[in-house]
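Thanks for coming, everyone. Please have a look at the structure on the screen, and I will walk you through it.

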Amino acid sequence: NDYVVQEIYCTGSNTQTTYFVTNTNEILSTGYSGHGQLCDNTTVNRNVPGIIVNELEVAKIATGDLHVLFLTTNGEVHACGYNNVQQLGDQTTTNRVLPERVLLDFSIKSVYAGYRSTFFLTDLNEVFGFGQNTTGQLGDNSQTNRTTPVSILDTIDNIVHILPNSYAHNTVFLSGNVKMNLTINSLDAIFSENGLFVNAEILEYKETFSWYLLATTSTDMQL
């Protein structure tokens, strides 16, 4: 079939899974599916894109290392793939081969997937994270894996974007105003690694394959 692709999402590691969004809101996937992350009801790798979601009005896709989340236009979150540390948000460790609705108790406006961890912003601009936290990447002042969402950065009310690293163990939280193309003008960045926060003002930002380059007011920083 011929499709008009509007957006493409890729996993941030060497697991090589790709998702396509068409102009008719169909979601297709191809590549590696060892943990069900193609969301096609199998764990079989695919070398031709196949439709996996066409009944949901998907507003955003968040791809992690081995899991994926779909945020719908009405605020629902559906997840599938690897779930070894409960990063899917269904309070189990069962891998999902089809999108499973999760996080029903929250009103969510954006989702983000990291390396076996998940973050989301609520309509009240609250920040939550859960999943793997072995180096403090959730930012909850601990190195304890979280099986349910924990509130983080509750003293900051203007978090606008989260940059979880999907191939490593660190996270950047951005506060301020972000343009649609993610051009950043003098934003504050809050780096979370080993459970600690460091504030810095961002002058320039570039997102790459598996890390983030940020030039700050103090020094060039690479996460």
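Let's start with one residue, F120. This is a predicted model, so keep that in mind throughout. Setting aside residues up to four places away in sequence, F120 touches L103, F106, I108, S110, V111, Y112, E126, V127, F128, F130 and P149. Find F120 on your screen and look around it.

Now, what does F120 belong to? F120 is in the largest nonpolar core, which has 14 residues. Within that core, six residues touch the most other members: L69, V77, L103, I108, V111 and F120. Which strands supply this core? At least two residues each come from β6, β7, β9 (108–113) and β11 (127–131). The top contributor is β9, with 3 residues.

There is a second core, separate from that one. This second core has 13 residues, and V21, I52, V68 and C80 are among them. Remember C80. We come back to it shortly.

Let me step back to the whole protein. How many helices and strands are there? The count is 0 helices and 18 strands. The protein has 223 residues, and 52% of them count as buried. Next, the contacts. Take those between residues at least 6 apart in sequence: 37% of them join residues at least 24 apart. As for the surface, the accessible area is about 10500 Å². Carbon and sulfur atoms account for 45% of that area.

Back to C80. The structure holds 1 disulfide. C80 pairs with C39 in that disulfide, and the two sulfur atoms are 1.6 Å apart. The pair links distant parts of the chain, 41 residues apart. C39 sits in the loop between β3 (27–31) and β4 (46–53), while C80 sits in strand β7 (residues 77–81). Are these cysteines buried or exposed? Both C39 and C80 are buried. For those new to the term, a disulfide is a covalent bond between the sulfur atoms of two cysteines. Another cysteine, C10, has a relative accessible area of 45%, so C10 is partly exposed.

On to charges. Side chains of opposite charge can pair when their charged atoms come close. How many salt bridges do we have here? The structure holds 5 salt bridges. I will show three.

Here is one: R46 with D40, at 2.9 Å from N to O. The two partners differ in burial. R46 has 27% relative accessibility, so R46 counts as partly exposed. D40 has 17%, which is under the 20% cut-off, so D40 counts as buried.

Next, R101 with E76. Their closest N and O atoms are 3.5 Å apart. This pair links distant parts of the chain, 25 residues apart. R101 lies in strand β8 (residues 96–102), and E76 lies in the loop between β6 (67–72) and β7. R101 is partly exposed because its relative accessible area is 40%.

Then D90 with R96. Here the closest N and O atoms are 2.8 Å apart. Why does D90 count as buried? Because its relative accessibility is 16%, and buried means under 20%.

Let's turn to the surface. Y3, V5, I8 and I51 make a nonpolar surface patch of about 320 Å². Y3 is in the segment before β1 (5–10). At 31% relative accessibility, Y3 counts as partly exposed.

Two more residues, and then I'm done. Take L138, in the loop between β11 and β12 (146–152). Is L138 buried or exposed? Its relative accessible area is 0%, so L138 is buried. From L138 to P149 is 11 residues along the chain, and their C-alpha atoms are separated by 9.9 Å. You met P149 earlier, as one of the residues that F120 touches.

Finally, T148, in strand β12. T148 has a relative accessible area of 34%, so T148 is partly exposed. What does T148 contact? Beyond its neighbours within four places in sequence, T148 is in contact with Q91, G129 and F130. The C-alpha atoms of T148 and F128 are separated by 9.4 Å, with their positions 20 residues apart along the chain counted as the separation. F128 and F130 are also on the list of residues that F120 touches. And that brings us back to where we began.

Key
Residues are numbered from 1 along each chain as its sequence is written. This is a predicted model: local features need pLDDT of at least 70, side-chain atom pairs count only at pLDDT 80 or more; totals for chains, interfaces and linings use all residues. Side-chain values use heavy atoms; hydrogens and water are left out. A disulfide is a pair of cysteine sulfur atoms within 2.5 Å. Helices (H or I, at least four residues) and strands (E, at least two) are DSSP runs, numbered from the N terminus. Buried means under 20% relative accessible area, exposed over 50%, partly exposed in between (1.4 Å probe, protein chains only). Patches are made of residues with over 30% relative accessible area and no salt bridge: like charges are joined within 9 Å, nonpolar side chains (Val, Leu, Ile, Met, Phe, Trp, Tyr) within 5 Å. Accessible areas come from the Shrake-Rupley method with a 1.4 Å probe; for residues, only the protein chains shown count as cover. A salt bridge is a side-chain nitrogen of Lys or Arg within 4 Å of a carboxyl oxygen of Asp or Glu. A nonpolar core is a set of buried Ala, Val, Leu, Ile, Met, Phe, Trp, Tyr and Cys residues joined through side-chain atoms within 4.5 Å. Contact means heavy atoms within 4.5 Å.
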